[in-house]
Amino acid sequence: MELVRDRLYFVNLDGIADKDLREACAELTWRSYRSILDAPKTENRLALVAFSGEVPVALWLSVQMPSEGQQRSHSLLSLVVAAAWRRRGVATRLIQMAEAELAARGISLVTTSYSSILPGAAAISGLLLNHAWIEPKADRIRICGRVGDTVTTSKAWDLLLRRLQSRGIRYLSWQDTDFDVIERAAVMVDAGQAPEWSDPRPWSGSLCRQLSLAILDGKGDLAGWVVCEPQPTLNRWYFPIGWVTPTEQDRGTLVGAYLEGSRRIQAKSGPSALAVLEASPRQGRAWSLFEKHFSSFALWSDRLLISQKTLSADGP
Ligand SMILES: CC(C)(COP(=O)(O)OP(=O)(O)OC[C@H]1O[C@@H](n2cnc3c(N)ncnc32)[C@H](O)[C@@H]1OP(=O)(O)O)[C@@H](O)C(=O)NCCC(=O)NCCS
């Protein structure tokens, strides 16, 4: 392997004023992160660029997460090396520089998640392991499909929906409830009646109230919720959270909620609109249920691999 160590130098994107040069740097990450690179407030992000001469060849992009207690953490959103520069130690140098910079800022934890079907997934896993990150493990399953396919593929859906109806299960848009779903859900999370991962508060700024659903049981009590977020840059609807009370688990109630969500998206945006469902192993059987019910007509499905590293102010 040719080491490029001595010919590379590293620049914080915030120090680059030239518009064309910033554009060239932005080519080194996904389009959906463009708004983060263009944001006027920069203190909560690290955008570190590796240059060879005038040419940006790699970009590390991480953002600070809302702090939990004393620990301040960053989430690595993307780490990309230009194709012609790969396998020459560029990412190795960049990750070392970024970790040192974050530690100097008092960041003690850096986390990341990436798709198992990303062409570079094996490479990034190897790179992280080389740098003493925790072994990446599958955390969530994501399934992407056209809402029209979800609605029309199976006659079994009608049966399921009729059964849910006969039990008095109702799915209401968050706009149509006579209580604030986020407030009510927050009370349940804080009281330990709903798990932390189901907390919709972190999504309150970006979710779509019209398409997020409250799940009411036969007595009219809140028995779960589904959060729906528009992702216009990716041209899709995303369901990051779906939770039902233990009584409603394994009764098709959550699957029914996603079907209802798909119907509503279809009514709003047409049958070819894309939806992405997400489930975590912490949701128990939901993971395998989604694979069983939705994978057969998915355009793609993947696992999100997660990893993290504790940073020390004294360096590695
Ligand atoms: C992942 C990526 C950043 C690695 O950059 P790089 O500069 O080629 O990495 P390095 O040369 O520093 O290699 C460091 C380690 O990464 C791993 N690695 C890099 N490329 C690899 C590959 N093609 N296959 C397997 N492991 C690989 C190895 O463990 C390697 O260590 P080694 O050379 O001692 O075996 C680069 O391949 C890339 O940009 N991929 C596309 C974008 C992407 O998927 N980014 C990750 C998610 S945002």
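## Domains

The domain assignment of the chain gives two parts: domain 1 covers 5-107 and domain 2 covers 142-304. Their C-alpha centres lie 35 Å apart. The model is a predicted one.

## Strand β5 and its partners

Strand β5 spans residues 109-115. One of its faces is covered and carries Val110, Thr112 and Tyr114. The other face, with Leu109, Thr111, Ser113 and Ser115, is uncovered. In a regular strand the side chains alternate between the two faces of the sheet.

β5 pairs with two strands described here, β4 and β12. With β4 (residues 73-81) the pairing is parallel and runs over four bridges; in this pairing serine 73 stands opposite leucine 109 of β5. With β12 (residues 300-310) the pairing is antiparallel, over seven bridges. There, tyrosine 114 stands opposite leucine 305 of β12. Tyr114 belongs to the covered face of β5, whereas Leu109 belongs to the uncovered one.

## The β-α-β unit

Helix α3 (residues 90-104) joins β4 and β5 in a β-α-β unit, and this unit is right-handed.

## Ligand surroundings

The ligand is surrounded by 20 residues, of which the closest are Arg86, Ala91, Gly120, Ala123 and Gly126. Three elements give two or more residues each to this shell: β4, α3 and α4 (121-130). The largest share, six residues, comes from α4. Two of these elements, β4 and α3, are also parts of the right-handed unit with β5.

Sorted by class, the shell holds 11 nonpolar, six polar and three charged residues.

Key:
Residues are numbered from 1 along each chain as its sequence is written. This is a predicted model: local features need pLDDT of at least 70, side-chain atom pairs count only at pLDDT 80 or more; totals for chains, interfaces and linings use all residues. A residue is buried if 20 or more other C-beta atoms lie within 10 Å of its own, exposed if 12 or fewer, and partly exposed in between; C-beta atoms are placed from the backbone. Two strands pair if DSSP finds at least two bridges between them. A crossover is right-handed if, with the strands pointing away from the viewer, the path from the first strand over the helix to the second runs clockwise. Domain bounds come from an automatic or database domain assignment. A residue is near a molecule or strand if its C-beta atom, placed from the backbone, lies within 6 Å of it. Ala, Val, Leu, Ile, Met, Phe, Trp, Tyr, Cys and Pro count as nonpolar, Asp, Glu, Lys and Arg as charged, and the others, Gly among them, as polar.
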